[in-house]
Amino acid sequence: MTTTFLRLHTQPDVPLEAEAISPVAIAGLSELGIEHLPVLHGNIKAKIGDFFKVTGKGVPDILLEGDLGKIKMIGAGMSAGSITIEGNVGMHVGIGMSGGEILVKGNASDWVGPEMSGGRIVVKGNAGHMIGSAFRGQAIGITGGEIFIHGDAKNEIGNSMRRGLIAIGGDAGDFTAVNMRAGTVIVMGKMGVRAGAGMIRGTVVCFEDAPMLPSFEFSCKYQPLFLRLYLIRLQENGFENKITDQHLNGKYRRYSGDGIELNRGEILLFSR
């Protein structure tokens, strides 16, 4: 068998911290060994087998079935392999991952990919707040990797991100790329207020008009060649219905900012 199946048989009463559901943690274990890996049910210690039926030995490709909206920290620290989630998933999916791929076929809660440095997370539905963001009190967010949200996402996407690519196929909330250090955020729908507030470097792209902070200054209208490469990559990864030839070959209005910082970041708004 080339896949390890975990099927949820008992819904947790409170959020379940399941860092052990990761290719790194299950590698080489038997079914019984995986079932005995620890999880935290609220403040009570439990085992994976208390909630999941495990089929297959510990190979690095994991398939999860069931409504996992209360299951947190799936894919923690993964550096290789894959996780496919056939439904919704809870907070902190992919925390600290440096490689491999996580596919969520439903919706994701808040904090997708915190402390991420590599790999890829794909969410086919919507996602919550703080996608690819720094934890409160930390100065640096994600330092690499890719996060692709095909639906909408909420506030503070890419807060303090240092490197990496975040793509939102739908709308974004407020404070997109707040305190951004570097990296790229692409929003294919509408974007809320105060995008780029406090950003030092990096690029934010939006296909729709967006309200600009007064600390951002219009600099030019041009066709960014680097963006074409990003968009072609996104077309090849499931966003082909969102990205048209106009987006690939059209011009964008460039705003530089944030003026209260180094003024070396940029927001690019598609110009029809």
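Which residue in E3 does Glu17 stand opposite? In this predicted model, the residue facing Glu17 is Leu40 in E3. That pairing is a good way into the structure, so let us start with the sheet around it and then visit an arginine, the cysteines and some aromatic rings.

**The sheet**

Strand E2 covers residues 16–17 and strand E3 covers residues 38–41; the two run antiparallel and are joined by two bridges. They belong to an open sheet of four strands with mixed pairing, in the order E4-E3-E2-E7. At the edges sit strand E4 (44–47) and strand E7 (71–72), each of which pairs on one side only. As background, strands of a sheet pair through backbone hydrogen bonds, either parallel or antiparallel.

**Around Arg253**

Next comes Arg253, which lies in strand E16, residues 251–257. Is Arg253 buried or exposed? Its relative accessible area is 19%, and because the limit for buried is under 20%, Arg253 counts as buried. The side chain of Arg253 has polar partners: it makes a polar contact with the side chain of Asp209 at 2.9 Å, and another with the side chain of Tyr255 at 3.4 Å.

Setting aside neighbours within four places in sequence, Arg253 is in contact with a list of residues that includes Asp209, Phe218, Cys220 and Lys221. Also on that list are Ile267, Leu268, Leu269, Phe270 and Ser271. For Phe218, the C-alpha atom is separated from that of Arg253 by 7.4 Å, although the two residues are 35 apart along the chain.

**The cysteines**

Cys220, one of the contacts of Arg253, leads to another topic. How many disulfides does a search of the whole structure find? The search finds zero. A disulfide is a covalent bond between the sulfur atoms of two cysteines. Why does Cys206 not form one? The closest cysteine sulfur to that of Cys206 is in Cys220, 17 Å away, which is too far for a bond. Seen from the other side, Cys220 has Cys206 as its closest cysteine sulfur, again at 17 Å and too far for a bond. Their surroundings can be described too: Cys206 is buried at 0% relative accessibility, while Cys220 is partly exposed at 28%.

**Aromatic pairs**

How many aromatic pairs does the structure hold? There are five aromatic pairs, and two of them are set out here.

| Pair | Distance between ring centres | Angle between planes | Class |
|---|---|---|---|
| Phe148 and Phe239 | 5.9 Å | 85 degrees | edge-to-face |
| Phe226 and Tyr230 | 6.0 Å | 90 degrees | edge-to-face |

The pair of Phe148 and Phe239 links distant parts of the chain, 91 residues apart: Phe148 is in strand E11 (residues 143–149) and Phe239 is in helix H3 (residues 225–239). Both Phe148 and Phe239 are buried.

The pair of Phe226 and Tyr230 lies within helix H3, and because these residues are four apart, about one helical turn separates them. Phe226 is partly exposed, with 31% relative accessibility. Tyr230 is likewise partly exposed, with a relative accessible area of 28%.

Technical notes. Residues are numbered from 1 along each chain as its sequence is written. This is a predicted model: local features need pLDDT of at least 70, side-chain atom pairs count only at pLDDT 80 or more; totals for chains, interfaces and linings use all residues. Side-chain values use heavy atoms; hydrogens and water are left out. Two strands pair if DSSP finds at least two bridges between them. Buried means under 20% relative accessible area, exposed over 50%, partly exposed in between (1.4 Å probe, protein chains only). A polar contact is a pair of N or O atoms within 3.5 Å; within protein, one must be able to donate a hydrogen and the other to accept it, and residues adjacent in sequence count only if both atoms are side-chain atoms. Contact means heavy atoms within 4.5 Å. A disulfide is a pair of cysteine sulfur atoms within 2.5 Å. Rings of Phe, Tyr and Trp (its six-membered ring) pair if their centres lie within 6.5 Å; planes under 30 degrees apart count as stacked, over 60 as edge-to-face and the rest as tilted.
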